[in-house]
Amino acid sequence: MSRMLSTVLAAASMLALAACSGKQAADAALSASPAAYAAPAPLSAPTDFGPPQGEPIHAVLTSPPNVPPPIHRNYPAKVIVELEVVEKEMSISEGVTYTYWTFGGTVPGSFIRVRQGDTVEFHLKNAPDSKMPHNIDLHGVTGPGGGAASSFTAPGHESQFTFKALNQGIYVYHCATAPVGMHIANGMYGLILVEPPEGLPKVDHEYYVMQGDFYTTGKYREKGHQPFDMDKAIDEKPTYVLFNGHEGSLTGDKALTAKVGESVRLFVGNGGPNLVSSFHVIGEIFDRVQQEGGLHPQENVQTTLIPAGGAAIVEFHTDVPGSYVLVDHSIFRAFNKGAMGILKVDGAENKAIYSGKEVDAVYLGDRAEPNLHAVSTAAKAGAAGTLSKEDQVAAGKQLFTGTCSVCHQANGEGLPGVFPPLAKSDYLAKQDKNHLISIPLHGLTGKVTVNGKEYDSVMPPMSQLTDDEVANLLTYVLNSWGNPGGQVSKDEVAKVRAQPAPAPTAEH
């Protein structure tokens with residue numbers, strides 16, 4: 001028994017020696033390669049650059065997509081920011097209006113630019129005709145509520161508080177008056193940039209882009225004035241997901257611009273209130289991304305995640321001309337809820353980098369058109385009871401460009417053996433109106449014979465279209481390319497939509 005105990009004790013001693021030897025080896029490795037095992041650097045307090053110097057400066061505030069000019073001073077200053085809350089009705093999409101609550105009259109609110117170490121004297125004014133009290137929470141503020149606790153402002157009043165910009169970065173601001181989500185959902189958010197003391201590297205263009213989700217009682221693009229829907233907001237089911245508060249705010253004649261060989265910096269925010277943004281520029285790779293506005297950039301990034309209430313700085317250079325599409329890559333939000341913008345780059349082609357053939361319609365949908373004024377005109381005429389067939393044809397043509405032309409072609413000739421023609425179509429001529437209406441509403445599957453040729457493809461239902469959009473599209477098709485003519489009304493579409501969808505059958 002004692003011999004067995006001695007053996008066990010000896011084995012234990014050998015294990016202990018081995019463990020000790022292993023620890024000594026590890027310690028030696030740590031000593032030999034300190035860089036590989038460096039301890040995390042201790043956290044340091046934000047830099048205080050001392051009291052403000054010189055005369056007070058009134059901040060330059062800009063409306064999106066514009067950004068105030070870079071700061072060229074080497075000392076902290078007292079910066080006075082004056083921002084007014086304005087509640088106003090504006091267009092959220094063509095022919096659709098919404099009552100926004102805004103900082104500075106725009107969505108997102110005015111861009112604010114200060115220097116790290118500045119002392120900011122903040123004045124928040126609430127317009128006398130506002131219906132609600134408001135305040136402001138700036139994520140770049142160190143203090144209770146980010147300023148919200150000191151800025152509660154009733155209509156017709158002004159509040160003032162002061163803070164020191166201790167941390168550099170790009171920060172969201174938003175209203176934090178209850179119900180907070182409703183105030184943000186109505187457009188009350190923006191960005192404040194706290195520049196580092198040495199400034200940001202020089203670029204050719206800086207732009208301000210901010211995503212937000214909106215909740216209306218009507219469906220996407222349903223015409224007329226649309227109130228806020230609290231139930232949709234609570235369920236996180238937005239009607240619109242938009243850049244800079246309005247569908248089309250960065251397309252057509254409002255597109256961002258640059259030239260080949262230039263550098264672009266985007267300050268991209270996400271006001272939420274609910275959705276995370278997967279921000280992407282189709283056809284570009286971000287050279288540098290400061291994710292969530294932090295200090296340590298990432299390079300060669302394809303898509304960057306921006307949380308609700310967060311922001312990022314993305315930078316890239318342009319190599320070849322064309323239309324570069326800004327999207328939330330949760331992609332249905334781009335094509336079916338409005339989260340889309342354009343950066344139009346002009347200049348000489350470089351075939352060594354990209355061979356060519358720009359196909360805007362595939363990516364842009366109806367935003368491939370320079371604008372959608374005809375849609376807006378038709379919506380106003382419809383509301384006034386003066387909608388003409390000509391109004392419908394013009395609106396339908398612009399919608400057709402993005403919604404239908406990829407398959408059926410801009411001239412209505414379709415693709416031989418794949419998609420049937422709409423031009424001079426005997427199929428359209430012999431069908432009753434309700435059946436024609438049911439095709440875009442419910443889709444069409446199975447064999448069809450058009451102009452003596454058989455086709456067997458699938459047209460998916462286009463349930464995202466509103467009743468007036470379906471009516472305008474069909475009116476355009478019926479009156480184009482040698483077709484028999486006719487007119488379809490919004491009410492006729494509504495009646496067919498209310499009926500059960502027909503069972504799928506082959507058509508001959």
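This passage describes the strand pairing and the cysteine residues of a predicted model.

The model is predicted, and local features were accepted only at pLDDT of at least 70, side-chain atom pairs only at pLDDT 80 or more, while totals for chains, interfaces and linings use all residues. Residues are numbered from 1 along each chain as its sequence is written, and side-chain values use heavy atoms, with hydrogens and water left out.

Strands (DSSP runs of E, at least two residues, numbered from the N terminus) were assigned along the chain, and two strands were taken to pair if DSSP finds at least two bridges between them. Strand β2, residues 78–93, pairs with strand β1, residues 57–58, in the parallel sense over two bridges; within this pairing, Ile57 lies opposite Val79 of β2. A parallel pairing over eight bridges also links β2 to strand β5, residues 119–126. With strand β3, residues 96–103, β2 pairs in the antiparallel sense, again over eight bridges. Val85 illustrates both of the latter pairings: Asn126 in β5 stands opposite Val85, and Phe103 is the bridge partner of Val85 in β3. The hairpin formed by β2 and β3 has two residues between the strands, and Gly95 adopts a positive phi near 80° there.

Further along the chain, six strands form an open sheet of mixed pairing, in the order β12-β10-β14-β19-β16-β17. Strands β12 (240–243) and β17 (298–301) occupy the edges; each has a single partner strand, so one side of each is left without a neighbour in the sheet. From one strand to the next, the twist averages 25°, where axes are lines fitted to C-alpha atoms, for helices over the stretch in contact, and angles run from 0 to 180 degrees between N-to-C directions. Within this order, strand β16, residues 286–290, and strand β19, residues 310–317, run antiparallel and are joined by three bridges. Arg288 is placed opposite Glu315 of β19.

Cysteine residues were examined next. A search of the whole structure returned zero disulfides (pairs of cysteine sulfur atoms within 2.5 Å). For Cys404, the closest cysteine sulfur belongs to Cys407 and lies 8.6 Å from the Cys404 sulfur, which is too far for a bond. Cys404 counts as buried at 13% relative accessibility, where buried means under 20% relative accessible area, exposed over 50% and partly exposed in between, with a 1.4 Å probe and protein chains only. Cys175 is likewise buried, at a relative accessible area of 0%.

Conventions:
Helices (H or I, at least four residues) and strands (E, at least two) are DSSP runs, numbered from the N terminus.
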